[in-house]
Amino acid sequence: NDAAKLATTLSTSTVINDTAAAAATVISSSEIIGNEAGNTLTQIQSCVIIGNLAAAIAGNASASVVIGSQASRSTLPVNTVAIGDGAAKSPSSAQLSNSVVIGATSGDSITGTRTGLCLIGYAVDPPTATTDNYLSICNVIKSDLTGTIVEFPGTGIRIGTQATPASAGATGVKGDIVHDTDYIYCCIATNTWKRVAIATW
C-alpha cells in the first residue's frame, strides 16, 4: 500500500510495505523494507534501508546500510552503516558520512554535518553533538582518530601475557610495550628496545 508512491524513477530496487519510500523522486539499486522506511527521502541510491521509519525524513541517502526501527531517522546517511533501534537518529536534520554507528540509540545526539564517526555499543555518543573523526567502543576505548589521543576511561590497563625481548636489538616496532616480572620494555625505534626496572614497595 503506497510503497514507492510518487517515485518518478525506480530502477533495480526492492520496495516493500506501507508507504516505504513514499514521495521519493529517485530510487535506484536499493532495498527499502518496512512501514514508512525511507518515507519522504527525495533520493535513495545504492542503499539497504530496513525497519519502521528507518532513514525516514532524512532527505537523501546513498551507499548506506540502515537497519533498525528509526535508525538514521532525520539523518542523511552517506557511505554510512547505522544498525540498531534509533541508531544515528538525529534530534534535527543532520548529515552523517563515512561512519559506522552500531547499537540502540547510539549516535542519536549528532547534529549538523558529521563525518568519520565509529560508535559501537548501546547509547554510545561522541563527546559533543558536533564532533567528527571519533571512535568509541562501549565507552571503554575512545580515540579522536587523529592518532594523537587514545583514552581508556577505566582504572587501569591489563596486559595479560608477559614477554621479554631477547636483547636490546630484538625484533620490535616503535611503540611496542611488553613486561616481565622485573622490567617494562619499550621499543623506541625499529628493533631498538629500552627498559625500566620495576620493584615492590
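Here are a few notes on this structure, which is a predicted model.

1. Let's start with the secondary structure. You'll find 20 strands in the chain and zero helices. As for overall shape, the radius of gyration is 23 Å, while the globule rule gives 17 Å for 201 residues, so the chain is more spread out than a compact globule. You can also look at the C-alpha trace, which spans about 75 × 30 × 25 Å along its principal axes.

2. Next, which residues touch each other? Take the contacts between residues at least 6 apart in sequence: just 1% of them join residues at least 24 apart.

3. Now for the inside. Of the 201 residues in the chain, 36% are buried. The largest nonpolar core has 16 residues, and the ones touching the most other members are Ile27, Ile32, Leu41, Ile44, Ile49 and Val66. There is also a second, separate core made of ten residues, among them Ala82, Ala87, Leu96 and Leu119.

4. Ile44 is a good one to click on. Leaving out residues up to four places away in sequence, Ile44 touches Ala21, Val26, Ile27, Ser28, Ser30, Ile32, Gly38, Ile49 and Ala61. Two of those names, Ile27 and Ile32, should ring a bell from the list of core residues above.

5. Finally, the outside and the charges. The chain's accessible surface is about 10,300 Å², and carbon and sulfur atoms account for 57% of that. How many positive and negative side chains does the chain have? There are 9 positive and 13 negative ones, with the centres of the two sets 8 Å apart.

Notes: Residues numbered from 1 in each chain as written. Predicted model: local features only at pLDDT ≥ 70, side-chain atom pairs only at ≥ 80, totals over all residues. Heavy atoms only, no water. Core = buried A, V, L, I, M, F, W, Y, C linked by side-chain atoms within 4.5 Å. Buried < 20%, exposed > 50% of the residue type's maximum accessible area, 1.4 Å probe, protein only. Contact = heavy atoms within 4.5 Å. Helix = DSSP H or I, 4+ residues; strand = E, 2+ residues; numbered from the N terminus. Rg over C-alpha atoms; globule rule 2.2 N^0.38 Å. Areas by Shrake-Rupley, 256 points an atom, 1.4 Å probe, with all protein chains shown as cover. Lys, Arg positive; Asp, Glu negative; His and termini not counted. Charge placed at Lys NZ, Arg CZ, Asp CG, Glu CD.
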